[in-house]
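Biologist: Please give me a close look at one part: the lining of the largest cavity. Then lead me outward from there.

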Amino acid sequence: MIKIAIADDHKLFAKGLQSLLEEEEDFEVCGTFINGEELMSFLAYNSAHVVLTDMNMPILDGEGVISEIKTYYPRTRVIVISMYDDEAIFKKCQRLGASAYILKDADPDELIYTIREVMEGSHVMSFQKVLLQNKDDEFDDSFKQKFKLSKRELQILIMIKDGKINREIAEELHLSQLTVESHRKKINSKLGVSSALELVKKAIEMNI
């Protein structure tokens with residue numbers, strides 16, 4: 001079980017995040033906190049594998065959370081959840097010791113996979129990857145709802161149809177090859193196919 005703590009002063013967002021994460025069988029949200037001080041008080045007596053933190057919070061902000069966790073709880077991983085696709089903020093979080101940086105409007109699957117990557121030690125922390133989280137895709141919401149594919153899964157499906165192998169997809173999207181393989185398995189399951197050839201045929205049928 002992956003134990004996750006959330007620090008964000010927007011209570012509605014934090015509760016929504018908690019609900020999303022608890023849909024995963026092996027995720028447990030052990031607490032939500034409105035500032036870094038409350039989070040650190042909790043960690044003094046309780047453990048968490050992963051902390052999701054906003055940067056802008058009262059009393060103790062995200063920078064303080066990263067610094068204190070790296071000092072006192074170095075085995076706990078910190079993932080920053082931010083509104084800003086700002087390279088200076090990203091680099092500061094990276095220098096302080098954050099394990100990952102996710103935008104608040106990223107696809108929900110992006111966060112789920114990032115948590116798993118961070119726990120596996122395979123996450124690739126890259127600002128280009130952050131920018132991709134904000135990139136619009138060419139398919140409308142009705143298309144994505146029909147096939148139950150996330151934005152990231154659509155990106156990977158298009159690249160598979162174009163003949164790219166896992167290594168090339170991983171390099172272009174700044175992902176680990178393990179994560180690409182996990183996405184492929186999920187895409188196959190959603191589309192009801194069992195081989196790369198069937199997957200490409202399905203993509204052509206879908207006019208992707």
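**Inside the largest cavity**

Modeller: Helix H5 is the main contributor to the lining of the largest cavity, giving 5 residues. Before going on, note that this is a predicted model, where local features need pLDDT of at least 70 and side-chain atom pairs count only at pLDDT 80 or more, while totals for chains, interfaces and linings use all residues. Numbering starts from 1 along each chain as its sequence is written, and side-chain values use heavy atoms, without hydrogens or water.

Helices (H or I, at least four residues) and strands (E, at least two) are DSSP runs, numbered from the N terminus. H5 covers residues 108–120. Helix H10 (177–191) also supplies at least two residues of this lining. The full lining is Asp 109, Glu 110, Tyr 113, Thr 114, Glu 117, Lys 129, Arg 152, Leu 175, Thr 179 and His 183. A cavity is a set of points on a 1 Å grid over the protein atoms alone where a 1.4 Å probe fits but cannot get out; lining residues have an atom within 4 Å of a point. The space inside is about 60 Å³. Such a volume is the space filled by probe spheres set on the points, which are joined across faces, edges and corners.

What is the chemical make-up of the lining of the largest cavity? The residues divide into 5 charged, 3 polar and 2 nonpolar. Here Asp, Glu, Lys and Arg count as charged; Ala, Val, Leu, Ile, Met, Phe, Trp, Tyr, Cys and Pro as nonpolar; the others, Gly among them, as polar.

The search of the whole structure finds 3 cavities of 30 Å³ or more. The second largest holds about 50 Å³. Its lining is Ala 106, Asp 107, Glu 110, Leu 132, Gln 133, Lys 151, Arg 152 and Gln 155. Glu 110 and Arg 152 therefore line both of these cavities, by the lining rule given above. Helix H6 (127–134) and helix H8 (151–161) each supply at least two residues to the second cavity. H8 gives the most, with 3 residues. By class, this lining has 4 charged, 2 polar and 2 nonpolar residues.

Now take an open space. A pocket is an open set of grid points with protein on both sides within 12 Å along at least five of seven lines. The second largest pocket has a volume of about 170 Å³. Among its lining residues are Lys 3, Leu 43, His 49, Tyr 73, Val 118 and Met 119. The lining has 5 nonpolar, 4 polar and 3 charged residues.

Lys 3 leads to the sheet. Lys 3 stands opposite Glu 28 in S2. Strands S1 and S2 pair in the parallel sense over 6 bridges. (Two strands pair if DSSP finds at least two bridges between them.) S1 (residues 2–7) also pairs with S3 (residues 50–53), again in the parallel sense, over 4 bridges. There, Ile 6 has Leu 52 as its bridge partner. S1 is mostly covered, with 5 of its 6 residues buried. Buried means under 20% relative accessible area, exposed over 50%, partly exposed in between (1.4 Å probe, protein chains only).

The whole sheet is open and has 5 strands, in the order S2-S1-S3-S4-S5, with parallel pairing. S2 (27–33) and S5 (100–103) are the edge strands, each pairing on one side only. Neighbouring strands are turned by 25 degrees against each other on average, direction ignored. Helix H2 (residues 36–43) packs on this sheet, touching S1, S2 and S3, and its direction makes about 125 degrees with that of S2. Contact means heavy atoms within 4.5 Å. Axes are lines fitted to C-alpha atoms, for helices over the stretch in contact, with angles from 0 to 180 degrees between N-to-C directions.

Finally, some loops. His 174 lies between helix H9 (166–173) and H10. Its phi is positive, about 60 degrees, although it is not a glycine. Most residues other than glycine have a negative phi. His 174 counts as partly exposed because its relative accessibility is 23%. Ile 59, in the loop between S3 and helix H3 (62–72), also has a positive phi, of about 70 degrees. Ile 59 counts as exposed, because its relative accessibility is 64%. Past H10, Ser 194 sits in the loop before helix H11 (196–205). Ser 194 is exposed, because its relative accessible area is 63%.
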